[in-house]
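User: Hi, I'm new to reading protein structures. Can you walk me through this one?
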Amino acid sequence: MISINPIKQLLKNEYGLDWFKLENLHGHTDMIYKVTTHRHKYVLKVSLNRKMSKRRFESQINYIQYLQNHDILSPKIIKPCTGNLYTTIKDYRNRYSALFEYIDNLYSPNLSKPSEAREYAKYIGNLHKISHKYNNKHYWYYDPISEETRKLKYLEKFVKKSKRKYLAKLIKIKKDNISRYKKLRPKLGKTMLLNDLSEGNIFKINNNYIFIDWNIAATGYFADEIAWIITWFFIKKNNMKHLSKFLDEYLKHFPLNSIELELLTFMPISYAYTMWDNFEECKTKELFREQEKKILDSSKILEQLIRQVSTSLSHHRATYISHSHDEQ
Ligand SMILES: Nc1ncnc2c1ncn2[C@@H]1O[C@H](COP(=O)(O)OP(=O)(O)O)[C@@H](O)[C@H]1O
Ligand SMILES: [Mg+2]
């Protein structure tokens, strides 16, 4: 944790702000402060990520700027007096920080409305299309497979310690899916992506969307980003009804190859299964079964849907193949 004084000094010395009020917005990974002056509202984001480095932070800022130049909205960066795009706060290490405009009236996307499921799909498809053309350097933060392996280790320890034998099947599910993922990985398209388009990070604004969190923007797989969107906005929300609208529309803007579609048949389910509320919060077998039933129902719908999509797109197979991206 960084104390408040260096933050106040930074806003005074590097941004020339004389009077301001600070309010902690309690970010998950970063330190996020709302900064209110007499005339403006800003957000100061200080990275607390231990893996953050100059080249990573700069690669993220460059990507955000690139997206802004292609009309993909995010809060405008306020430059410090130095004219750079970001500053650092020094405690025992460099903490990278940037100041942004504060955005009022943010609404979460509501994909239970079919029109919005389509609208959001169009936005994500366009975001992927633009990101696909991004040629600047980008770096892995973590790849999804190492992240899943880390989660698997945690899960194994948790099942042992909590003695909840009924959760043991999750370990098998996770292991199986990791090995399936590994096999598909060489054929998955990847580029610099945001990798965290969850609720709380992306909002509706007027007739558009704005993402506000990019602290894990890095090389990522297109299909993995979609897998997480399916998990958060459809499976976890019991909103499978409109997933076909989302997928149809997304694929019109950004066609995935057959391997990428295959990943979508199981990874969203795997992510949903091993979210905290499926094992840490399910204190009884009954609660777990209840959660599991919803996931299994979603799984059936998902498999069927992807099969439909794959058949209807099979005559475009040539597009899929030419779409497979190069290894970095
Ligand atoms: N520019 C902004 N305008 C308005 N609210 C913001 C802005 N940036 C962050 N917030 C608020 O702060 C919360 C946490 O910010 P976020 O960048 O997502 O942090 P974390 O990386 O820790 O998740 C957001 O969910 C949002 O409510
Ligand atoms: Mg966030």
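Analyst: Sure, starting with a definition: a residue is buried if 20 or more other C-beta atoms lie within 10 Å of its own, exposed if 12 or fewer, and partly exposed in between, with C-beta atoms placed from the backbone. This is a predicted model, where local features need pLDDT of at least 70, side-chain atom pairs count only at pLDDT 80 or more, and totals for chains, interfaces and linings use all residues. Residues are numbered from 1 along each chain as its sequence is written, and chains are lettered from A and ligands numbered from 1 in the order in which they are written.

User: OK, so is Ile 145 exposed, partly exposed or buried?
Analyst: Ile 145 counts as partly exposed because 15 other C-beta atoms lie within 10 Å.

User: And which helix is Ile 145 found in?
Analyst: That's helix α4, residues 144-162. Helices are DSSP runs of H or I with at least four residues, and strands are runs of E with at least two, numbered from the N terminus.

User: What does Ile 145 touch, not counting residues up to four places away in sequence?
Analyst: Ile 178, Tyr 181, Lys 182 and Arg 185. Contact means that the C-beta atoms, placed from the backbone, lie within 7 Å.

User: Switching topic, what does the domain assignment give?
Analyst: Domain 1 (4-101) and domain 2 (114-323); such bounds come from an automatic or database assignment. The C-alpha centres of these two domains lie 29 Å apart. Their contact takes 19 residues from domain 1 and 17 residues from domain 2.

User: Which residues touch the most other members in the largest nonpolar core?
Analyst: Ala 223, Ile 226, Ala 227, Ile 229, Ile 230, Phe 246 and Leu 264, out of 55 residues. A nonpolar core is a set of buried Ala, Val, Leu, Ile, Met, Phe, Trp, Tyr and Cys residues joined through C-beta atoms within 7 Å. Helix α6 (residues 222-235) gives the largest share of this core, eleven residues. Each of domain 1 and domain 2 supplies at least three residues to this core.

User: Cool. At what angle do α8 and α10 pack?
Analyst: About 170°, with the axes of α8 (residues 258-273) and α10 (residues 285-313) 10 Å apart. Therefore α8 is roughly antiparallel to α10. Axes are lines fitted to C-alpha atoms, for helices over the stretch in contact, and angles run from 0 to 180 degrees between N-to-C directions. Under 35 degrees counts as roughly parallel, over 145 as roughly antiparallel, 65 to 115 as roughly perpendicular, and the rest as oblique.

How values were computed:
Two residues are in contact if their C-beta atoms, placed from the backbone, lie within 7 Å.
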